[in-house]
Amino acid sequence: MKKVHLIIFLGFLLVFIYQCKSKDESGENAITAQEAKTGGGMHDAGNGPVYSSIIAKGRVVSREITAPGSILSEENTNLQPEISGRLTGIYFKEGALVNKGALLAKLYDGDLKAQRSKLEVQLKIAEATEGRQKELLAINGTSRQEYDLATLQVSNIKADLDLNSVSLSKTEIRAPYYGRIGLRNVSLGAYVTPQQILANIAQVTTLKIEFTILEKYAHDLKPGKVINFRTESSDKVYQAKITAFENSLTSDTRQLRIRAQVIRPDDRLTPGSFISVTFGVGSNEPAIMIPAQAVIPQARDKKVIVYKSGIASFATVETGYRDSSDIEIVSGLRLGDTIVTTGLLSIRPGTKISTQVSE
């Protein structure tokens with residue numbers, strides 16, 4: 001019986017020793033895990049959750065902005081007749097270069113020429129009548145009123161002839177400047193109206209570009225500034241000099257429209273082509289750049305969570321240039337501030353947190 005009691009006692013003793021050893025090992029593991037968390041640049045605030053963060057540093061960035069745009073002709077005009085009539089002559093070839101004032105098309109003018117012939121005959125008779133009235137007036141053979149009426153008749157007919165000349169000129173469509181003719185939209189013998197576009201002419205020896213930029217970059221561009229651009233069909237970099245700005249921003253996108261004169265254009269530049277314009281903005285002074293995801297957009301401003309003595313503090317910031325991953329902080333932060341970059345939606349002002357600083 002004594003042997004049985006001894007065996008039971010030894011069994012209880014072994015179980016007690018095993019349990020004590022397990023508690024010691026689990027305690028050591030917990031301490032080891034906590035030590036691992038607090039190492040490597042960690043800011044500890046007691047038992048608060050741990051968030052990733054960075055230290056605000058200044059660095060020089062290449063502030064290069066890209067904006068879409070288009071190539072424009074220096075001049076571009078739709079050729080349309082001023083009056084209605086039958087097309088009796090077409091004197092241009094599609095795609096040809098024409099000089100300023102060159103006759104491009106002719107409308108029927110037979111009725112106007114007949115009217116001019118009639119007016120010329122009437123002018124001769126009126127001038128002869130005026131001459132006789134002048135001779136009679138010299139010898140008091142007629143009244144001054146009769147002579148004035150004869151003179152008025154001559155003036156009226158001359159005015160009608162001038163009006164006829166203007167009407168005849170409207171039957172001719174001439175090139176307004178030196179340029180290239182586009183595609184012809186009418187055929188010989190067609191009846192055309194002032195709403196009909198006969199063809200298009202464009203001045204292609206000089207070209208310009210047009211593009212839009214955001215309002216915040218407007219002060220970085222001035223007339224005379226040289227910018228670069230590329231086309232979709234070529235990797236060649238072209239240059240253009242800014243010449244003019246639109247008077248106001250667009251109401252829908254709040255962007256500013258800009259035009260620039262192309263420097264040394266070539267045959268590979270086609271009016272209407274899409275281009276990508278690049279230009280530098282800002283200064284070369286170091287700027288505070290933080291990850292874009294660290295900025296919390298709000299209705300009226302933007303916020304950044306700053307770690308201060310274990311507490312989450314919300315700072316209102318003003319942003320500037322933005323690249324593929326980072327955004328410039330113009331105001332609201334100082335060099336050396338610890339910026340929280342993860343878990344932003346779960347943090348409230350004044351919350352106790354811990355941060356793990358990453359490079």
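Hi everyone, let me start with one residue: F211 is buried, as its relative accessible area is 2%, and buried here means under 20%. Before I go on, please keep in mind that this is a predicted model.

So what does F211 pair with? Its partner is F279, with the ring centres 6.3 Å apart. The two planes sit at 40 degrees, so we call this pair tilted. F279 is buried as well, with a relative accessible area of 3%. What I like here is that the pair links distant parts of the chain. F211 belongs to strand β11, residues 199-214, while F279 belongs to strand β15, residues 274-280, and 68 residues separate the two.

How many aromatic pairs does a search of the whole structure find? It finds two. The other one joins F229 and Y238, and this pair is stacked, with 5.5 Å from centre to centre and 20 degrees between the planes. Both of these residues can be checked for burial: F229 counts as buried at 1% relative accessibility, and Y238 is buried with a relative accessible area of 3%.

Now, over to the helices. Helix α2 covers residues 110-138 and helix α3 covers residues 144-169. They pack at an angle of about 160 degrees, and their axes are 8 Å apart. Because angles over 145 degrees count as roughly antiparallel, α2 is roughly antiparallel to α3. Their crossing is left-handed. And which kinds of residues make up the contact of α2 with α3? There are 11 nonpolar, nine polar and 10 charged ones.

That's my tour, thanks for listening!

Terms used. Residues numbered from 1 in each chain as written. Predicted model: local features only at pLDDT ≥ 70, side-chain atom pairs only at ≥ 80, totals over all residues. Heavy atoms only, no water. Axes fitted to C-alpha atoms, helices over the stretch in contact; angles between N-to-C directions. Helix = DSSP H or I, 4+ residues; strand = E, 2+ residues; numbered from the N terminus. Parallel < 35°, antiparallel > 145°, perpendicular 65-115°, else oblique. Left-handed = near helix turned anticlockwise from the far one by under 90°. Nonpolar A, V, L, I, M, F, W, Y, C, P; charged D, E, K, R; others polar. Phe/Tyr/Trp six-rings, centres within 6.5 Å; stacked < 30°, edge-to-face > 60°. Buried < 20%, exposed > 50% of the residue type's maximum accessible area, 1.4 Å probe, protein only.
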